[in-house]
Amino acid sequence: MQPYLAKTLAGLEPVLASELLALGASEIRLLKRAVAFTGELSLLYRANYELRSALRVLVPIHSFSANNERDMYEAVREINWAVYMDVGDTLAVDAIAQGEVFRHSQYLGLLTKDAIVDQFRDRYNRRPNVSTIGPSLRINVHVQGTHADISLDASGDSLHRRNYRRDTVEAPLNEVLAAGMVLLSGWNGQGSFVDPMCGSGTLPIEAAMLATNTPPQIKRESFGFFKWPDFDQKLWKIIKSEADAKIQPFEFQILAADKDPRARNATALNLMSAGLETVVRVEKTPFEKLEAPEPPGTLIMNPPYDERLKIEDTVAFYKNIGDLLKKRWPGWSAWVISSNRDALKHIGLKSAQKIPLINGALECSYQKFEMY
């Protein structure tokens, strides 16, 4: 059993832990913006292909104490990098520095890269090249105070890149955040799903992928671990075909609506790209004219916060959301995310749940309202 680490967005740790449990992970531990777990190589492949709420999956290879730059350099140089890459390969280093010893992540990354290439130069009189695009090996360095962790990045590109997005409108939701919001709502495909302010359609697309059991990375052509010396292609093909075989039809209704014709077109294009145009209905309809499908159902909305998308009268806008939910959506669970906490109060309904989330750089509140 190998230790692994899945990174996520703040607030999504519990749903990521639940996903890992369902995939068969052991020794699951919730951390800040991450979940640690253990499993076989097959789980590493499955985690990358099937996790909806993970940004990347790391394989820790070394931990040590570093009181200064010299300690850091020497410790990294002592790792036998020839096990993980060849001198003709390319590498990239992602570094995060927190605490007093290292204050600049970029410098920490340079120091790590120097230690690795110096080891190869001493051994082979040649050095591997650095490439930030599609490197053979992506290395993750995390230093907290004097404690350093070195990991290999099994994902390569961030897992929020699902490769279905063909068009966007302003302020699109990160795919991992959207999937996490659907998972946090508890909606599991039993009942209808509506996003009345769908923008470029990320929430309904992630909901449709969940409801049909479509792997979130079905459109991805490669992962970081494809380029590793121990990549087991036969095992990977088995993992992928097992996941793809579980795709199922969906019996209820998923509705994506927006008053903006550009949003409607972007959503329709992205749905076609994802192969889900028959699962989600798209309408150019403002929220006040939208007909609620038969309850029970889950409505999730990401209205303008008055940050990147401006609203003329924020108070009236949010008050109207509350009025419409009360009047037209009985029997539904409604979830609203916003960074504008004052505006959220004007919805005028008692929230059954409040979850802090981060959307881009904005601290948001994700709130549940039960429509009885």
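Axes here are lines fitted to C-alpha atoms, for helices over the stretch in contact, and the angle between two of them runs from 0 to 180 degrees between N-to-C directions. With that in mind, the tour can begin; the model on screen is a predicted one.

**First stop: helices α3 and α4**

Select residues 69-78, which form helix α3, together with residues 105-124, which form helix α4; the two pack at an angle of about 45 degrees, and their axes lie 8 Å apart. Since angles of 65 to 115 degrees count as roughly perpendicular and those under 35 as roughly parallel, α3 and α4 are therefore oblique to each other. Their crossing is right-handed. To display the contact itself, show the side of α3 that contributes Glu69, Met72, Tyr73, Val76, Arg77 and Glu78, and then the residues that α4 brings to it, namely Tyr107, Leu108, Leu111, Thr112, Asp114, Ala115, Ile116, Asp118, Gln119 and Asp122. If you colour the residues of this contact by character, you will find eight nonpolar, two polar and six charged.

While α4 is still selected, move to Tyr124, which also belongs to this helix. With a relative accessibility of 42%, Tyr124 counts as partly exposed. Leaving out residues up to four places away in sequence, Tyr124 touches Ala82 and Val87. For a sense of scale, draw a distance from the C-alpha atom of Tyr124 to that of Arg52: the two residues are 72 apart along the chain, and the separation of these atoms is 42 Å.

**Second stop: helix α2 and its surroundings**

Now select residues 41-50, helix α2, of whose ten residues eight are buried, so that the helix is largely enclosed by the rest of the structure. The buried residues of α2 are Leu43, Leu44, Tyr45, Arg46, Ala47, Asn48, Tyr49 and Glu50. To see what surrounds them, add β1 (2-7), α1 (13-23), β3 (34-39), β4 (56-65) and α7, against which these buried residues pack.

Among these neighbours, keep α7 in view: α2 and α7 pack at an angle of about 45 degrees, and their axes are 10 Å apart. That makes α2 oblique to α7, and the crossing of α2 and α7 is right-handed. On the α2 side the contact is made by Leu41, Ser42, Tyr45, Arg46, Tyr49 and Glu50, and on the α7 side by Leu235, Trp236, Ile239, Lys240, Ala243 and Asp244. The residues of this contact of α2 with α7 divide into seven nonpolar, one polar and four charged.

**Third stop: helix α5 and its two ends**

Select residues 175-185 next. How many of the eleven residues of helix α5 are buried? Ten of the eleven are, so α5 is largely enclosed by the rest of the structure. They are Glu175, Val176, Leu177, Ala178, Ala179, Gly180, Met181, Val182, Leu184 and Ser185. At the N-terminal end, add Asn174, which caps α5 with a side-chain oxygen that lies 2.7 Å from the backbone nitrogen of Val176. At the other end, α5 is followed by Gly186, whose phi is positive, near 85 degrees.

**Fourth stop: Asp153**

Centre the view on Asp153, which lies in strand β8 (residues 147-153). Is Asp153 buried or exposed? At 1% relative accessibility, Asp153 counts as buried. Show its side chain together with that of Arg56, and you can trace a polar contact of 2.3 Å that joins the two. If neighbours within four places in sequence are set aside, Asp153 is in contact with Arg56, Val57, Leu58, Asp94, Arg138, Gly224 and Trp228.

**Last stop: three points along the backbone**

For the end of the tour, show the backbone and select Pro295 with Pro296, where the peptide bond from the one to the other is cis, with omega near 0 degrees. Pro296 lies in the loop between β11 (280-283) and β12 (297-301).

Then go to Glu27, which is found in strand β2 (residues 26-31) and has a positive phi of about 45 degrees although it is not a glycine. With a relative accessible area of 61%, Glu27 is exposed. Finally, select Asn213, in the loop between α6 (202-211) and α7 (233-244); Asn213 is not a glycine, yet its phi is positive, at about 60 degrees. The relative accessible area of Asn213 is 31%, and this residue is partly exposed.

How values were computed
Residues are numbered from 1 along each chain as its sequence is written. This is a predicted model: local features need pLDDT of at least 70, side-chain atom pairs count only at pLDDT 80 or more; totals for chains, interfaces and linings use all residues. Side-chain values use heavy atoms; hydrogens and water are left out. Helices (H or I, at least four residues) and strands (E, at least two) are DSSP runs, numbered from the N terminus. Angles under 35 degrees count as roughly parallel, over 145 as roughly antiparallel, 65 to 115 as roughly perpendicular and the rest as oblique. A crossing is left-handed if the near helix is turned anticlockwise from the far one by less than a right angle, and right-handed if clockwise. Contact means heavy atoms within 4.5 Å. Ala, Val, Leu, Ile, Met, Phe, Trp, Tyr, Cys and Pro count as nonpolar, Asp, Glu, Lys and Arg as charged, and the others, Gly among them, as polar. Buried means under 20% relative accessible area, exposed over 50%, partly exposed in between (1.4 Å probe, protein chains only). A polar contact is a pair of N or O atoms within 3.5 Å; within protein, one must be able to donate a hydrogen and the other to accept it, and residues adjacent in sequence count only if both atoms are side-chain atoms.
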